[in-house]
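Dear colleague,

I am passing on the structure we spoke of, and I would be glad if you looked it over with the notes below beside you.

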Amino acid sequence: MLSLGTALAFFGAAIAAGLAGIGSAMGVGIAGQAASGVVSEDPDKFGSVLVLQALPGTQGIYGLLIAFIIVLNIGAIDGNIKDLTLFQGLSLLAAGIPIGIGGLMSGIYQGKVAASGIYLTAKRPEEVGKGIILTAMVETYAVLSLLISFIMVNGVKF
């Protein structure tokens, strides 16, 4: 039977992967809806809009990375799950929150900016680079969330 600390650590991993994944799914979906409309009018723009649609997908990758590091640190990968203290479990739970919430929110908003970049590309294909830059600006906050979650996970002593 798992200790409460170990269960909390698993919950932290679930928050990191789950919320960031939801943000990416929503962001990619928002951008995909815009991209589908543009491609239905001009199939040659598929490559340009695909790049913009893919950008909000990185938050899910960041969340999965933190979740993987958490489950690796507690021994779930090799089957030797550690019996964590309540403090260790709470610390790992807290470590999953920044990328979970940061990934959720930045994924959604990056999808909205990507959709606007896709509409920009539809009207002015030569401006796709500006759309990519504007979309990538939102990524900064996902990266900051990833960074603090990574630091927090590595700060837990076993």
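What follows goes from the chain as a whole to one part of its surface.

Please keep in mind throughout that this is a predicted model. The chain holds 5 helices and 0 strands, so that, read from the N terminus on, its elements follow the order α-α-α-α-α. Taken along the principal axes, the box that the C-alpha atoms fill comes to roughly 55 × 25 × 20 Å.

As for the packing, 44% of the 158 residues in the chain count as buried. When contacts between residues at least 6 apart in sequence are considered, 86% of them join residues at least 24 apart.

Turning to the surface, the chain exposes about 8,000 Å², and 72% of this area is supplied by carbon and sulfur atoms. On the side of charge, there are 7 positive and 8 negative charges, and their mean positions lie 8 Å apart.

One nonpolar surface patch, of about 590 Å², may be worth finding in the viewer: Y141, L144, L147, I148, F150 and I151 make it up. Of these residues, L144 is found in helix α5, which covers residues 128-154. Is L144 buried, partly exposed or exposed? Its relative accessibility is 46%, and L144 therefore counts as partly exposed, because that class lies between the limits of 20% for buried and 50% for exposed.

With best wishes

Note on methods:
Residues numbered from 1 in each chain as written. Predicted model: local features only at pLDDT ≥ 70, side-chain atom pairs only at ≥ 80, totals over all residues. Heavy atoms only, no water. Helix = DSSP H or I, 4+ residues; strand = E, 2+ residues; numbered from the N terminus. Buried < 20%, exposed > 50% of the residue type's maximum accessible area, 1.4 Å probe, protein only. Contact = heavy atoms within 4.5 Å. Areas by Shrake-Rupley, 256 points an atom, 1.4 Å probe, with all protein chains shown as cover. Lys, Arg positive; Asp, Glu negative; His and termini not counted. Charge placed at Lys NZ, Arg CZ, Asp CG, Glu CD. Patch = residues over 30% accessible without salt bridge, like charges linked within 9 Å, V, L, I, M, F, W, Y side chains within 5 Å. Salt bridge = Lys/Arg side-chain N within 4 Å of Asp/Glu carboxyl O.
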